[in-house]
Amino acid sequence: MGIGTMKKMAMQCLILATLCAYAPLAHGIPAFARKYGLPCSACHEAWPMLNNFGQTFKDNGYQLGNGRDAPIYQDPSYWPIMFRTTPLWHRESNNRQAIDVVPGNAASGQFESVVTTSGFDLQGVDVITAGTLYKNISFFIQPFIGNNSIAVSQAWARLDNLAGSHWLNLKLGKFELDEPISQERSLILNNTGGAYQNYFFTPPGDNNFFAGIGFPQLGVELLGHSDNDNTRYSVAVVSDSNGSTGLPSNQAYDVYANFNQSFEAPWFGRQQVGVYGYFGESPTYFQTSGGNPIPGTGTGNRSFYRLGAYGHWYVNKFDFYTFYLHGYDNVFLGNSVPSNQPARLPVGAVAPVWNGGFVEGHYNPTPRWIAIGKYELNRMSREANPNIRGNLGNLDTWTVGYRWYPIMSPRAGLAWTQEYSRIINAGTAPLSGKDDIRNSFLMGFDFDF
Amino acid sequence: MRRTIKATRAAVILICMSWCITSAAQDSHIGKLVGNAKRGKALYVRYCVFCHGPDGDGRGESAPYLVPKPRDFTKAVFKCRSTASGSLPLDSDLYDTITRGIHASGMPSWKPLLRQERADLVAYIKTFSSAFQEEKPGEPVPIPPEPPNSAESVKRGAELFQSMNCWSCHGKDGRGHGPSVASLTDNQGNPITPFDFTGGTRFKCGETNRDMFRDLLTGLDGTPMPSFAAAMNPDQRWDVIHYIRTLSSSKTRSEEKNDSIRTIN
């Protein structure tokens, strides 16, 4: 068989695969779009990122308020369920991976080298079922099916419009915090740029049990908003468990609060400003049995906080998120020292403090296409241990990409995405202590039905 | 040569005038807001097209699944107006409908959109029918002050509800299942259900007594609900409204609150 014939067959296979990828989508039915007959673009600036109409719908407990929200108005065959998955091809590279000199022999010594991997992949399957159990009682359940596991990403029920007021809604369960920009709804999917680094940042050497506001948490949330959603607040009390069930740490409770205000700027569009803060305590040591920590017995709590401000600015078809975070961990957390053993603190140890932020810009000329650019940084302003280099843990991340939505209907959503991200992590190369640099390139389908 | 210049000048003036007239017709004016049809089109494609269709004829992709059917903008017939029956609505009427939504239908409140965006949508919706370029909208109907609600007023309203045959569509108990229901259609021939007054405190075109008074005056064009401008005097209309309010009064206060959640309205 000639090379030409093989190329031709490969092309035919690619076309067939593309057609196959399209075929089942025509029959899929996203939960809310099907219920209300609205397209993705009604609620999403670019799916999955919400616009203000979608945010209002969500804040109302997945109710449009048109008298057709309660399940009694739905066709009995209606099932509020949606699947989302992302078949893709990606390439990852790391410039300073520690590698054994003799493969398989850990004692042979190590050296740092570039490691590059690439191939077709699948980012698991999100199953989302959500809607109203009854008028003004909403729910959300999101199991995530990974390659070898199933986890409950979110599961909660909410009492909406208590006392007939938008300002009083109560949510209980495992839920995504009311973040300035939703991690769950990120337009970026790749390993390097997909996460908002500031949401998850903990200084190197820090053992704070709390892993970041980007993780769904277990607790209760009181939230409210004005009629048009221009004014919003959320206050959540959550277990210091990082969203893990079974009370793995201790019985400390953390508090997260978010407030934002939107206004209409002539000629530009909607503008939003907000402030947020997460205040908590984390255990520094556990009761042990045979030397092993007993889950749920964390003690010696020490404080930490994350707080900041943000904005979302529209300039016609452009919009920009600006985000600032100030972080602080207690000295015992920052140095991973049990609080009952202060003598173990390094000389001159202090509480680590850092500042970070990002700018994420979008150009959205039509509901079918969006360009994305993001720059994120983090700067340590005070290291926990004065003996380590001053910029250890500093981060710089760049991302560019676009998403194209070839179909858009009340039945299914399909996006073609291509994106590239690069992260420089100062001083974290495992052997040399030089900067660790990682690159990700990703392209593929992101679809739900 | 001079004649050519004059002719050219006249042509330019004519073109400018026609452009001005056309663009004015494609604008909307709601208070100080001036809506732009071009911007409105982009918003229409994002939010409205799946129900109302790309041509504004109410034949969007979702239309077959919706009851009542989406409005056909090409006919320039609108339910919720402040103008007399059979006349075009004011820009502010269309703006209010977009803002408020239409209760008990697939049309949600679009209040989360910016005021400017809603004004732009009004401008674009008007481009679907030449009526907005050829005719002027009607004058807003006058709404007199509401007299005090009283047992006598409710009693008179109940009698009018019977004598004016409101019951034949809305039912004797106001639940929207009167004897005429099976034969009722909208102006596109689709079956249509009369409003259930017992379902809460909100109505198709608003939730205040003034809104209901206006509906009785203007009728809901495109539906079997006629105008009672000639058939009832203002006091009689208020009496009917006071009676209709009692049809949902058997509900507890908390039930009423639940019904009128005003979520995004």
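Among contacts in chain A between residues at least 6 apart in sequence, what percentage join residues at least 24 apart? In this predicted model, the figure comes out at 60%. Chain A is built from six helices and 20 strands, and 40% of its 449 residues count as buried. Its C-alpha trace spans about 75 × 65 × 50 Å along the principal axes. For 449 residues, a compact globule would be expected to have a radius of gyration near 22 Å, so the 24 Å found for chain A agrees with that picture.

On confidence, the model as a whole scores ipTM 0.81 and pTM 0.85. Chain B averages a pLDDT of 86, with 84% of the residues at 70 or above. Two stretches of chain B deserve a bit of caution. Residues 19-23 stay under 50 in pLDDT and make zero contacts beyond four places in sequence. Residues 251-265 are also below 50, yet this stretch has 37 contacts in the model beyond near neighbours in sequence. Where pLDDT is low, the predicted coordinates should not be read in detail.

Now to how the chains meet. The contact between them involves 28 residues of chain A and 31 residues of chain B. On the chain A side, α3 (40-43), α4 (52-59) and β11 (269-282) each put in at least two residues, and α4(A) gives the most, with three. By residue type, the side of chain A that touches chain B splits into eight nonpolar, 15 polar and five charged residues.

Chain B itself is assigned two domains, domain 1 covering residues 26-134 and domain 2 covering residues 151-259. The C-alpha centres of these two domains of chain B sit 24 Å apart. Where the domains touch, 18 residues of domain 1 of chain B are in contact with 19 residues of domain 2 of chain B. The domain 1 side of that contact is made up of seven nonpolar, five polar and six charged residues.

As for the interior, the largest nonpolar core has 76 residues, and B:Tyr44, B:Leu121, B:Val122 and B:Ile125 have the most contacts inside it. Helix α5 (residues 115-125) of chain B supplies the largest share of this core, six residues. Both domains of chain B take part, as the core draws at least three residues from each of domain 1 (26-134) and domain 2 (151-259). A second, separate core is made of 12 residues, among them A:Leu177, A:Tyr196, A:Val238 and A:Leu325. Back in chain B, the neighbours of B:Ile125 can be listed: leaving out residues up to four places away in sequence, B:Ile125 touches B:Gly56, B:Phe73 and B:Leu94.

One more residue is worth a look, B:His103, found in the loop between α4 (91-100) and α5 of chain B. Despite the loop setting, B:His103 counts as buried because 24 other C-beta atoms lie within 10 Å, against a cut-off of 20 or more. Its contacts involve both chains: residues up to four places away in sequence aside, B:His103 touches A:Asn66 and A:Gly67 as well as B:Arg202, B:Phe203 and B:Lys204. B:Ser248 lies 145 residues from B:His103 in sequence, with the C-alpha atoms of the pair 16 Å apart in space.

Terms used: Residues are numbered from 1 along each chain as its sequence is written. Chains are lettered from A and ligands numbered from 1 in the order in which they are written. This is a predicted model: local features need pLDDT of at least 70, side-chain atom pairs count only at pLDDT 80 or more; totals for chains, interfaces and linings use all residues. Domain bounds come from an automatic or database domain assignment. Two residues are in contact if their C-beta atoms, placed from the backbone, lie within 7 Å. Ala, Val, Leu, Ile, Met, Phe, Trp, Tyr, Cys and Pro count as nonpolar, Asp, Glu, Lys and Arg as charged, and the others, Gly among them, as polar. Helices (H or I, at least four residues) and strands (E, at least two) are DSSP runs, numbered from the N terminus. A nonpolar core is a set of buried Ala, Val, Leu, Ile, Met, Phe, Trp, Tyr and Cys residues joined through C-beta atoms within 7 Å. pLDDT is the predictor's confidence in each residue, from 0 to 100. The radius of gyration is taken over C-alpha atoms; the globule rule is 2.2 Å times the number of residues to the power 0.38.
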